[in-house]
Amino acid sequence: MKHFSLYFWIATCLASIVTGLLGFLLLWEVAPWLKFCAITLQITVLYVACLLVLKHQSPGSSSDKPLEEKIAADFFEQMVQTSKNCFFAIAPDHDFRFFYLNEAAADHFEEPLEVVKHYSIRDYDRSYDAAKEKVKFAKLKEIGFVSFETKHYLKNGKIKNVLITSSYFVHNQKEYITGYFTDITKLRKSQAELKTTHDYYEKLLNGSPDIIMLFSETGQILYANPAIESILGYSPVDFYNNASLISSIIAPESQHIFEENRQYLLEHGKANEKTSELKWLTKDGKEVLLQQNIKNTYDSEGKFTGFQIISRDVTALRSTEKQLEQNNALLRAVFESSIQAKILVDKSFNIIDFNTEAESRLVKYQINKKLAVGNPLIDYVFHKDIFINNLQKALSGKKVTTEQQITFGKENQEVWVFTSYVPISDAKGEIIGVSFSSLDITEVKLSQKKLEESEALLEAVFNSGHQTLVLIDKQRKILKFNKAAEKGVARFSNLKLQIGANYLDYIPDWAKDIFLENFALSIQGKEIEGEYPFVSATGQLHYLATFHQPVKGDQGQIFAMAHATIDITEKKQNQLLLQKTLNSLRDVQNAIDKSAVVCITDLQSTIVQVNDAFCELTQYTKEEIKGQNIRILNSNYHSQSLFAEMYKSITEGNFWRGEFKNKRKDGSFFWVDSTIAPITNENNEIYQYIAIWYVVTRRKEAESQNKRLLQQLITQNNDLMQFSYIISHNLRSPVANILGLFNILEPNDQLGAHNEAILEHLQKATLRLDEVIADLNKILEVKNQNILEKEWVNFLDIFEQTKAFFSHHFEPIETLLNFEEVPRFYTVKSYLFSIFYNMVSNAIKYQDPQRPLQIKITSIKMGDYVKLIFQDNGLGIDLTRFRDKLFKLYKRFHLHIDGKGLGLYLVQSQVQALGGYIQVESKEGMGTSFIIFLKFAPEQKQLEDTK
């Protein structure tokens with residue numbers, strides 16, 4: 001009994017001490033393995049204690065054994081019931097039902113203890129399997145102690161991770177399993193989180209692009225992540241096996257930095273770290289720049305363990321920063337050196353930056369406000385509404401360019417400015433502002449204006465005159481041509497000049513060889529001129545002057561040829577006429593030389609030239625008289641006033657005529673009838689005088705001759721004045737007589753085939769002559785009648801009268817009439833009818849055969865005029881070719897249709913006679929519009945104004 005008490009108290013004390021210590025460890029946050037060991041040891045101690053108690057309770061004990069057993073049982077019961085762990089005992093023979101549970105079981109199963117006692121372990125463990133449990137029980141019997149992990153599924157739906165520590169023992173020949181249910185749900189969750197965290201940091205370390213290293217206090221590498229191999233070329237193993245490797249790959253100029261950082265951290269402790277940039281050497285000998293952060297490392301007890309270094313490769317970054325710095329400097333230089341005023345603004349239109357030119361521009365435009373970052377740009381600009389609108393467009397992503405004219409200053413100076421608004425985007429593509437640029441283009445605008453004026457002048461010169469001009473390249477392709485060339489080609493052929501066409505196709509066959517020869521010489525740099533006669537298609541003789549001029553570029557190279565032609569038929573005819581005139585003048589001069597005395601003097605009256613008659617009359621030879629003053633012949637008969645009158649007249653550029661009494665060489669006198677005239681040079685300046693003398697005896701004859709010449713001129717003028725009368729009356733009468741004779745010829749008269757043909761041609765010619773005389777008579781009537789009777793004329797009535805003349809043509813014609821605005825007009829009715837007649841006649845005659853004819857006539861009031869519009873959808877007229885000839889006499893523009901070319905000429909003459917004018921709009925294949933403006937008579941003007 002004495003020994004039992006000793007053993008019991010020893011076991012009890014040991015169990016209490018160990019249980020308390022282990023309980024403290026379980027409550028303290030320690031490593032999972034340490035907790036597991038503590039639980040196992042706790043259960044083992046309790047198990048030993050239970051064995052000791054049960055052993056000393058066996059039969060054969062001393063007399064005080066029941067008391068000791070009771071004390072031990074009470075102690076055991078108290079220890080188990082106060083335990084925080086769920087203690088259990090189960091009997092395998094009773095289907096593993098709970099034989100015993102302590103108070104902690106209620107907390108473990110989260111149900112009242114009385115309820116839990118009625119359950120079996122299988123009610124909470126879904127993994128329970130009878131066969132497996134028998135295997136486990138057999139193993140437990142074999143080793144006496146087993147620990148395993150399972151899950152308890154509580155009735156309230158919770159699931160707990162449970163560590164079961166079981167022991168096997170036999171009492172009173174019955175088998176029991178005892179042990180603890182330890183809730184390790186939080187433990188397993190913490191372990192899972194710890195594993196996740198460990199995996200995360202392991203991946204973070206291994207996947208980091210930065211080098212991460214741990215150094216011991218002595219500088220030996222304890223850890224290096226894989227990034228060290230991708231950056232430096234060395235694997236972590238290389239450093240583990242070679243402690244001195246780290247110092248050999250730091251560039252010499254950076255080793256002192258590394259050592260200084262290490263010493264600094266050793267001296268300053270935990271709260272410090274150092275960041276610097278060092279040059280390292282890669283395995284292949286290249287140099288890289290690493291940005292390095294180094295700090296001390298400590299264990300959980302705060303003991304210094306070494307250094308942690310995180311290094312990032314900034315080689316490319318620093319190179320990029322350097323390049324970016326250079327680019328920024330370059331961009332700034334460009335920004336400042338730009339001739340454009342540049343200003344950067346944010347989305348609120350506030351200034352971000354500006355260049356020097358922008359500041360200079362403010363001074364130039366007399367804006368007395370200094371540019372400053374942050375100020376609204378709108379405070380400095382002209383045309384604020386336009387500026388804001390353009391900025392808003394730029395902020396929406398559009399690039400905007402404008403040209404504006406600005407007026408500034410007291411003197412209202414004007415300048416032209418080219419502005420651009422370019423959106424500024426950040427790296428994400430979002431618009432953060434606008435780049436505003438302004439360039440003064442006043443000089444450019446003025447140059448453009450001068451260039452346009454120059455080009456217009458050149459174009460006017462190019463298209464002026466009657467000379468045709470065509471530019472062709474070395475392949476004889478047409479580059480450009482003027483209107484005269486277009487008309488000239490159309491005049492002598494049915495072809496139409498086109499840019500890019502072969503010019504040789506437009507050259508007549510007879511002239512092609514000549515053209516090719518001259519073209520070849522011109523391309524070589526020679527200027528060729530020529531004159532060529534030719535017979536036109538109408539059989540008329542023409543003369544053509546041609547010019548071949550090489551065209552050179554800026555470098556003097558010949559790239560084209562200018563071919564100019566001009567119809568010099570009239571010139572040739574004039575030359576022939578001039579030659580005849582010169583011959584006549586020569587004859588006259590000869591006659592004058594024979595019949596008159598001629599003397600030419602300079603401005604000082606010194607004799608320059610005389611004719612033979614002068615020498616014969618004055619008895620001086622030409623050698624004697626030249627260089628003498630004309631006064632050598634003065635007879636002193638006339639007063640000085642006569643000579644003063646004469647000199648006054650001729651010095652003013654006038655002719656002077658009078659009679660002189662002069663003295664010969666031998667002293668004898670003679671009378672002349674003198675005409676003195678000034679002679680001018682090319683500048684119209686008088687530089688000589690010519691005197692033509694007639695002796696008195698011949699004066700009457702000269703006067704008579706002059707009278708006859710004068711009468712002849714008067715007669716010719718009268719003949720011209722009477723031309724209209726002759727045409728309208730004198731010629732009309734014989735033509736009418738001839739036509740009358742044709743009418744009275746008997747049809748059966750035997751004239752013979754030959755005479756009949758002649759008679760037929762004669763009749764046609766006479767009818768044609770009659771038509772021409774009738775046409776000219778109409779024209780002359782318009783030209784000669786200045787005063788005609790006017791009356792009120794209704795436009796619709798005039799149209800109906802016109803329509804009656806074309807009744808057989810009007811069935812398929814669609815007519816659209818609108819005379820509502822001006823229904824009638826105060827004018828000459830015959831003229832208005834003639835205008836309607838010719839306009840309608842032309843529309844019918846030149847209608848398009850491919851579509852029905854439509855005629856539209858409208859009257860509109862326009863100020864002092866009525867505007868008559870005659871519009872049709874006929875063939876139309878090529879105005880680029882025929883505008884200048886449109887209203888000429890006998891001009892036709894559609895040769896496949898019969899016509900005389902008189903109608904438009906007559907219409908224009910009648911419109912002008914009525915004080916109006918006519919315009920035309922036309923396009924080939926589309927139709928023609930004739931717009932006639934007739935001025936209101938005062939009677940109608942007053943009436944129209946009152947409406």
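Strand 29 and strand 30 form a hairpin in which two residues lie between the strands, and Gly863 in the turn adopts a positive phi of about 65 degrees. This hairpin, like every feature described below, belongs to a predicted model. The two strands, strand 29 and strand 30 (residues 865-872), pair in the antiparallel sense over eight bridges. Within this pairing, Ile855 has Asp872 of strand 30 as its bridge partner. Strand 29 (residues 854-862) is also joined to strand 27 (residues 814-818), by five bridges, and these two strands run parallel. Here Leu816 is matched with Lys856, its bridge partner in strand 29.

An open sheet of five strands was also identified, with the strand order 2-1-5-4-3 and antiparallel pairing. Its edges are occupied by strand 2 (97-101) and strand 3 (145-153); each has a single partner strand, so one side of each is left without a neighbour in the sheet. From one strand to the next, the twist averages 35 degrees. The edge strand 3 pairs with strand 4 (residues 159-171) in the antiparallel sense, over nine bridges. Val146 finds its bridge partner in strand 4 at Ser166.

A search of the whole structure for cavities of 30 Å³ or more returned two. The largest cavity has a volume of about 260 Å³. Its lining comprises 19 residues, of which Tyr365, Tyr380, Val381, Phe436 and Ser438 lie nearest the centre of the cavity. Several secondary-structure elements each supply at least two residues of this lining, namely strand 11 (341-346), helix 13 (356-364), strand 13 (400-408), strand 14 (413-425) and strand 15 (431-440). By residue class, the lining of the largest cavity divides into 15 nonpolar residues, three polar and one charged.

The cysteines were examined for covalent cross-links. A disulfide is a covalent bond between the sulfur atoms of two cysteines. The structure holds zero disulfides. Cys599 is in no disulfide, the nearest cysteine sulfur being that of Cys615, 9.7 Å away. For Cys615, the closest cysteine sulfur is in turn that of Cys599, and the separation of 9.7 Å is too far for a bond, given that a disulfide requires sulfur atoms within 2.5 Å. Cys599 counts as buried because its relative accessibility is 2%. Cys615 is likewise buried, with a relative accessible area of 15%, the threshold for this class being under 20%.

Methods:
Residues are numbered from 1 along each chain as its sequence is written. This is a predicted model: local features need pLDDT of at least 70, side-chain atom pairs count only at pLDDT 80 or more; totals for chains, interfaces and linings use all residues. Side-chain values use heavy atoms; hydrogens and water are left out. Buried means under 20% relative accessible area, exposed over 50%, partly exposed in between (1.4 Å probe, protein chains only). On a 1 Å grid over the protein atoms alone, a cavity is a set of points where a 1.4 Å probe fits but cannot get out, and a pocket is an open set with protein on both sides within 12 Å along at least five of seven lines; lining residues have an atom within 4 Å of a point. Grid points are joined across faces, edges and corners, and a volume is the space filled by probe spheres set on the points. Helices (H or I, at least four residues) and strands (E, at least two) are DSSP runs, numbered from the N terminus. Ala, Val, Leu, Ile, Met, Phe, Trp, Tyr, Cys and Pro count as nonpolar, Asp, Glu, Lys and Arg as charged, and the others, Gly among them, as polar. Two strands pair if DSSP finds at least two bridges between them. Axes are lines fitted to C-alpha atoms, for helices over the stretch in contact, and angles run from 0 to 180 degrees between N-to-C directions.
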